[in-house]
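The following note is offered to a colleague reviewing this model. Its points take up one sheet and then the relation between the two copies.

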2 protein chains.
Amino acid sequence: MFERLRGTRDFLPHEMAARKKVFSSIKKTVEEFGFFETDTPAIELFDLYSIKSGEEIIEELYAFQDKGGRMICLRPELTPSVVRLLVSRAKELSFPVKWYSIPRLWRYERPQSGRLREFYQLNIDIFGSEDPKADTEVISCAIKLLCDLGFDKSDIEVRISDRRLLQEFLLTLGITNFHEVLRAIDKREKISSDDFRLMLYNANLDDCQIKKIEEFLDSKGNFLTTLEALSKQYMGESISIVINSLLKIAQNLTDRGYEGFITFDPSIVRGLDYYTGMVFEVHDRKREFRALFGGGRYDNLAELFGGEHIPAVGFGMGDAVLELMMRRKNIWPEEKLELDIFIATIGNVDTEVSRLSTVLRNNGFTVDFDIMNRNLSNQIKFASKLGAKFLLIVGERDLKEGIVTIRDLDSGKESKILLNEVISSPSKYLTKVL
Amino acid sequence: MFERLRGTRDFLPHEMAARKKVFSSIKKTVEEFGFFETDTPAIELFDLYSIKSGEEIIEELYAFQDKGGRMICLRPELTPSVVRLLVSRAKELSFPVKWYSIPRLWRYERPQSGRLREFYQLNIDIFGSEDPKADTEVISCAIKLLCDLGFDKSDIEVRISDRRLLQEFLLTLGITNFHEVLRAIDKREKISSDDFRLMLYNANLDDCQIKKIEEFLDSKGNFLTTLEALSKQYMGESISIVINSLLKIAQNLTDRGYEGFITFDPSIVRGLDYYTGMVFEVHDRKREFRALFGGGRYDNLAELFGGEHIPAVGFGMGDAVLELMMRRKNIWPEEKLELDIFIATIGNVDTEVSRLSTVLRNNGFTVDFDIMNRNLSNQIKFASKLGAKFLLIVGERDLKEGIVTIRDLDSGKESKILLNEVISSPSKYLTKVL
């Protein structure tokens, strides 16, 4: 027997039915926000992903030579592909563009809870606007799609910061080796405070600098209050631009009624190298799981890929942690099949079943019937396994009088109707009966 | 600038919108036939695909070692993956199962019209029934989904045969080296008749045998008539079982009103090695394109993969030829964006727009608004590029009287309404106005 590869998944129809409900809820919300779906290849040139993705991602890349000798890879995230598409066809586009996609992605990492080698990830991005309103649209869409799935502010925390804020703060302390220091800050939640300090010592920071950084990182709290306090404390021009932009985001999220979801948290950095401004992460409040997702501004990537300067903001949300969180809250949809009508048969009624099923299907009903020559009782058992709502019983004897039986499989109620009436106007007739 | 890989495709939102209509029409039809969606990984063990797929497919495989040293591949077709899933979880299933999926597949071949390195392919399969009714369900579903996309019997020909029929016929001629002879027959339409004969000579056939094979292959025509004639001509028991099963399929398709699509054509073989019975191909009648798709019975694959004996019948339809054929007939959907409402703004009305957009989206409308600080005229231009049906104009001055303007972008008709009324019950109010 063949096994599937570790870290990959199969979905049987009943499992898929639940997942389809989740994905279609997500798509609905995202489309209500005015995002349009795009699609790009799953295989790309290796260089597209080696140039700017985080180190971790490159280490986990499924990369190989194709039969033409090109070094290619399975995409480990979507952003470089989408920016490639954007740059290559920018001349056709009217900016700003709001795009989404739910690609399958691959990363060779150790499979564990919430972490797979093959997974799906919703990506939404706005390209072409520097306005904090674009940031707010992206964050609001993240919150709204979680609400539409059944979460509320007691489940979810959106932690927002701005990379420039931290950098400007580090500058006021005379620190310029951002890369090392940001890496330590990004890791802070996953390591002990001693290890954190050690990382900063190794980056040549002194006790006083470390203490101030820790104070700053701990200054999270109510978004608006904290930001206003910060804005008074640090009056430098460049830092106040950043703070003003964050204040606008905060105000706009409050206008939309989302303030209860938001925490201003200067410790948020995000691992990916390409972020340039606002960054955010979404967590379950109990912190049982890894970050549900994260995103932010990456205004320089289009230029880096050979295009014009096109500001960008977006996020990516994987399906694995989402499913864990929904199952924990018991809001993962029930895993069951659904079918409108099963036609059960007695005797040789093949011709009538062919005609009846064709007519019912042409009218938009989902229809199945026996192809195993089973007896009626086994057909009915099978129909309920398919989640059939209604049973149409077509019997040789009844047919002599032109009659079939319809049964509601939930209530058990049944009635006899004329086959010709069902065939001549099934929607009207079935609606009346049902 | 980065290029995408040859033979792969990008889709911008307007292109994607058309494709989504096509795919959702296909899914609707397939679900009306009682097929349920499954999902399997895009990466699989190399062995799963080397064991039984056709030679051509193995040559074109994207195969490589993963970081754990396993030889893996990108799936070039779906059937082996689906059968792997079926076998591994057969105990949970109530047979027969009717499954579909629209996987992305990869084959390293020379990109040309209708042939890509990365493409989508609808797969439907029925597992667990040997009854010709299962074959008919699969063939009917193929015909119906093409009809629902806008094709009719003047566009499409479904050519049906049975591998056993040809094999039994070859036996009556004393021919037993099926593999070589079937390969020649499978290639017949793509090569000259001299080359065809040469292939048969090389397979040790004599002139008389070759002549009889050619006569047999040319005996296609009206399905029922031809089959009945054949049934009288060849009275051997094993061949008459095959012919009876084809006659049942023919009768059932006729009952459903699909006889005009069908040709009985004994020259149909299908390249894939695993077919065991009925095989079919779908072509455009003018033969401008490669086969649109093909399928058939493969009753032994589950056993070969270590499972029980599970009879199977299904087909796979790639998206590339389908798109070419739809474009040729001008039934490919228009490539355009669609949006319900664009909110245009005059002056500083950020708070109202935040609230209004939130309420409209919560009511299921797709909504966008200006995030570029453009003037009204440019906002309206942008709205029509998004395919907006309605414009809601929110101006600082009007707002003092609590008023906004709604404009139908098709007709140009506009009227003023109270913002509060829109906010308190947007669906009702907008439906009334619109």
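1. In strand E16 of chain B, Thr405(B) is the bridge partner of Ile393(B). The strands concerned, E15 (residues 388–395) and E16 (residues 403–408) of chain B, pair in the antiparallel sense over four bridges. Two strands are taken to pair if DSSP finds at least two bridges between them; helices (H or I, at least four residues) and strands (E, at least two) are DSSP runs, numbered from the N terminus.

2. The model is predicted: local features need pLDDT of at least 70 and side-chain atom pairs count only at pLDDT 80 or more, while totals for chains, interfaces and linings use all residues. Residues are numbered from 1 along each chain as its sequence is written, and chains are lettered from A and ligands numbered from 1 in the order in which they are written.

3. The open sheet of chain B has five strands in the order E14-E13-E15-E16-E17, with mixed pairing. Its edge strands, E14 (367–369) and E17 (414–418) of chain B, each pair on one side only. From one strand to the next, the twist averages 25°.

4. Helix H15 (residues 376–385) of chain B lies across strands E13 (339–346) and E15 of chain B, and runs at about 170° to E13(B). Axes are lines fitted to C-alpha atoms, for helices over the stretch in contact (C-beta atoms, placed from the backbone, within 7 Å); angles run from 0 to 180 degrees between N-to-C directions.

5. A turn of 180° with a shift of 0.0 Å along the axis lays chain A on chain B with an RMSD of 0.0 Å, by least squares on the C-alpha atoms of residues with pLDDT of at least 70 in both. The two copies are therefore related as by a two-fold rotation axis. In chain A, Phe64(A) has the C-alpha nearest the axis, 3.2 Å from it.

6. Of the interface residues of chain A, 100% are also interface residues in chain B, so the copies meet through the same surface.

Definitions and conventions
Two residues are in contact if their C-beta atoms, placed from the backbone, lie within 7 Å.
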